Amino acid sequence: YVFFFFFKQKTAYEMLRSLVGSEMCIRDRYQRRVHGEIKLYQKQTMRVALVFLLACALLGSAIAARQHYLQCDGRWAGDSLGNSNICAIGCLMSSVAMALNDMGRNCGGPECTPQVLNRWLKARGGYQGNLFVWQSVQPLGLSFVNWFRDPNVLAQQLAQGRVVILNVRGGSHWVLADNVSGRAFNVRDPARFQNAYTFDQVVDGGVFTKNRLIMEEIEELELLLNEMGL
């Protein structure tokens, strides 16, 4: 017996149709892949842009907001503080206000001025009589560490990025230390007595750590972006 098998040969038209179908599948897969890569790129770009903008905003607030507040500024000089007023005994509180404003902290107003901080403190037990309670500003981002008498230790604390408030003029006045030059502290004096005090002129000083640093703020934003799928 002889068997004949007939195989139908595809016409050119049928082959063309199958090729077109294959091409379309390949093109669809390629387009989906490219579209996915574009979406991923867009997410990554948005993420980088948001983190960059936050870093710029935080750095900008720390630089542009730098102020030298005077305790006897007419806008708040007569505001009550204990049984006196800011002009008379507000040097320590005004120094803390400058430090908080440098950090971009909001203590109840666009700027953390002595007037605004004084109101915030009075509403939250920030004073004992005429005395400033050092631990009271922790909710605003400053954690009190301790007092130090050695000016060399205070200089080291300042170099480590901590906030240092110096007690000067025989122990009767407080100023915010900015940096050290040789054997002297460059300061912002809320009474504008001096721009610098030598190590020998410093009685002691109080030190704060900054609760939240810029990198911590950025890490928090990145966690939020992860939750949002960005």
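Author: Let's start with accessibility: buried means under 20% relative accessible area, exposed over 50%, and partly exposed in between, using a 1.4 Å probe and protein chains only. This is a predicted model, where local features need pLDDT of at least 70, side-chain atom pairs count only at pLDDT 80 or more, and totals for chains, interfaces and linings use all residues. Residues are numbered from 1 along each chain as its sequence is written, and side-chain values use heavy atoms, with hydrogens and water left out.

Reader: Happy with that! How many disulfides does the count come to?

Author: A disulfide is a pair of cysteine sulfur atoms within 2.5 Å. By this rule there are two disulfides. Cys 72 is joined to Cys 87, with an S to S distance of 1.9 Å, and Cys 107 to Cys 112, at 2.1 Å.

Reader: Which parts of the chain does the pair Cys 72 and Cys 87 link?

Author: Helices (H or I, at least four residues) and strands (E, at least two) are DSSP runs, numbered from the N terminus. The disulfide of Cys 72 and Cys 87 links distant parts of the chain, 15 residues apart: Cys 72 sits in the loop between helix H1 (12-64) and strand E1 (80-81), and Cys 87 in helix H2 (residues 86-89). Cys 87 is partly exposed, with a relative accessible area of 27%, and Cys 72 is partly exposed at 43%.

Reader: Are Cys 107 and Cys 112 buried or exposed?

Author: Both are buried. The torsion about their S-S bond is about 120°, so the disulfide of Cys 107 and Cys 112 is right-handed.

Reader: And why has Cys 91 no bond?

Author: Because the closest cysteine sulfur, in Cys 72, is 9.9 Å from the sulfur of Cys 91, too far for a bond. Cys 91 is buried, at 8% relative accessible area.
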